[in-house]
Amino acid sequence: MASASPSFQTLDDLASGRRVLARLDLNSPVEDGAVRDNRRFSRHAETVAELADDGHRVALLAHQGRPGDDDFVSLEGHAEVLAEHAGVDVEFVPDTFGEAALAAIDDLEAGDVLLLENTRMCGDELPEEEPETKADTEFVRTLAPEFDAYVNDAYSAAHRKHASLVGFPLVLPSYAGRVMETEYEANTAIASREFDGDVTMVVGGTKATDVVGVMEALDEKVDTFCLGGVAGELFLRAAGYPVGRDVDTDLFDDQWADNEDTIRSVLEDREGQVRLASDLAYEDDDGDRAEVAVDDVDEKERSFLDVGSDTVDEYDEVIRGSEAVFVKGALGVFEDERFSDGTVGALSAIAETDCFSVVGGGDTSRAIEMYGLSEDDFSHVSIAGGAYIRALTGEPLPAIELLERNAAGEFDG
Ligand SMILES: Nc1ncnc2c1ncn2[C@@H]1O[C@H](COP(=O)(O)OP(=O)(O)O)[C@@H](O)[C@H]1O
Ligand SMILES: O=C(OP(=O)(O)O)[C@H](O)COP(=O)(O)O
């Protein structure tokens, strides 16, 4: 595999004993209000341990969920999980850039690590805006003077133009953390690979908005898209099936409103490339898994939680005939064993063949260990989802561009 040469600075370029502000991506599944351990913690723990070991005073920024969602919670529990993986104490302060945060930053000594509160609890963080606007927010202007250096380790959030991701490189010397560096190298190299045989992309998960546009851009590289999850139901809706029902969620209708035109045009222009589920699974009145052919669904009365067993077989055949398979997002709610057939079926088919394979997504990659598969049976398991498929299109990721511009000396910071 050709190795990509990043043009940003890394931790190898950072002198020891500095005041360091590091951005991680600890965004993880939350169950009953508590964050679940996840590969993102163990990967970022390596960067955190290295920073502490080098005698830096370390403050960490990270986000969790989106405002209004059930998984939009405090990072207090994240500090504990991260500390276990990193083997160092991780103090937590329930504040991001107010007085309490500044006091805790001021108390840091060499080798100390402090996690600040969920960045998305600050109004300045979220609207996607230009880096210059983000650098001029109170959030960035208050925190930056407290530090000598900014480290971005959040490859999996690098497609977002949020303050904590694109603001600081304008005002502080900036470096890529170890996760940023390794994910960048792996995903960039993968993006430039060419395959003689068929290339398949398994597309599922909840973030349809992240994948629909990317599918349009990947049509030259990918021969067949196998769809499931929320994205799959929205494509079925475009094909005329009454599916994609929101019950206490805004997964379907909002994303349909945002992407209807693109979904319809992808389906129309690339009909031969897009495979949709022929059957779907749901929970029946007795709490068991039941299945129905999509042709027999006449009313939008059920929530579907997985692709059906005929679809599992159809996708299995496509995957086994492929030279390369890319996975983005789960085909069903695999966290519930009853609805894991689609996701586990696709992953098992990949693991049993010697195709080149990449599995992306903080949530989806979790299915590998949950269902006793081995990471060694996949060519690359990325902790990024949206960022990794964006990288496959060859499109730059804004947060990485900012690290590169910083390294090129474009800013005063
Ligand atoms: N039909 C569905 N309805 C609701 N959630 C689904 C459905 N299919 C898959 N999911 C959920 O999608 C999640 C993965 O989505 P996403 O965040 O897009 O992927 P990743 O984290 O892998 O990038 C899984 O946790 C799974 O429960
Ligand atoms: O989990 C993430 O993305 P992913 O689900 O595409 O891997 C990142 O933390 C970005 O989160 P966001 O999609 O709420 O901006």
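This passage describes the overall fold of a predicted model and the surroundings of its two ligands.

Local features in the model require pLDDT of at least 70 and side-chain atom pairs pLDDT 80 or more, whereas totals for chains, interfaces and linings use all residues; side-chain values rest on heavy atoms, without hydrogens and water. Residues are numbered from 1 along each chain as its sequence is written, with chains lettered from A and ligands numbered from 1 in the order in which they are written.

The protein chain contains 15 helices and 17 strands, defined as DSSP runs (helices H or I, at least four residues; strands E, at least two) numbered from the N terminus. Its radius of gyration is 22 Å, in agreement with the value near 22 Å for a compact globule of 413 residues; the radius is taken over C-alpha atoms, and the globule rule is 2.2 Å times the number of residues to the power 0.38. Along the principal axes, the C-alpha atoms occupy a box of roughly 65 × 45 × 40 Å. Buried residues (under 20% relative accessible area, 1.4 Å probe, protein chains only) make up 56% of the 413. Of the contacts (heavy atoms within 4.5 Å) between residues at least 6 apart in sequence, 75% join residues at least 24 apart. The accessible surface (Shrake-Rupley method, 1.4 Å probe) is about 16800 Å², and carbon and sulfur atoms account for 39% of this area.

Ligand 1 is surrounded by 20 residues, of which T206, K328, E335, D363 and T364 come nearest; a residue is included if one of its heavy atoms lies within 4 Å. This shell comprises 5 nonpolar, 10 polar and 5 charged residues, where Ala, Val, Leu, Ile, Met, Phe, Trp, Tyr, Cys and Pro count as nonpolar, Asp, Glu, Lys and Arg as charged, and the others, Gly among them, as polar. Among the polar contacts (N or O atoms within 3.5 Å), a polar side-chain atom of E335 lies 2.4 Å from a ligand 1 oxygen, and a backbone N or O atom of T206 is 2.9 Å from an oxygen of this ligand. A polar side-chain atom of E233 is 3.3 Å from a nitrogen atom of ligand 1. The protein covers 90% of the 570 Å² that ligand 1 has accessible on its own. Helix 9 (229-238) and helix 13 (362-370) each give two or more residues to the shell, with the largest share, 3 residues, from helix 13.

The residues around ligand 2 include D25, R40, H63, R120 and G386, and the shell divides into 1 nonpolar, 5 polar and 6 charged residues. Oxygen atoms of ligand 2 lie 3.0 Å from a side-chain N or O atom of H63, 2.8 Å from one of R120 and 2.7 Å from a polar backbone atom of G386. Of the 390 Å² that ligand 2 exposes when taken alone, the protein buries 93%.

Notes
A polar contact is a pair of N or O atoms within 3.5 Å; within protein, one must be able to donate a hydrogen and the other to accept it, and residues adjacent in sequence count only if both atoms are side-chain atoms. Buried means under 20% relative accessible area, exposed over 50%, partly exposed in between (1.4 Å probe, protein chains only).
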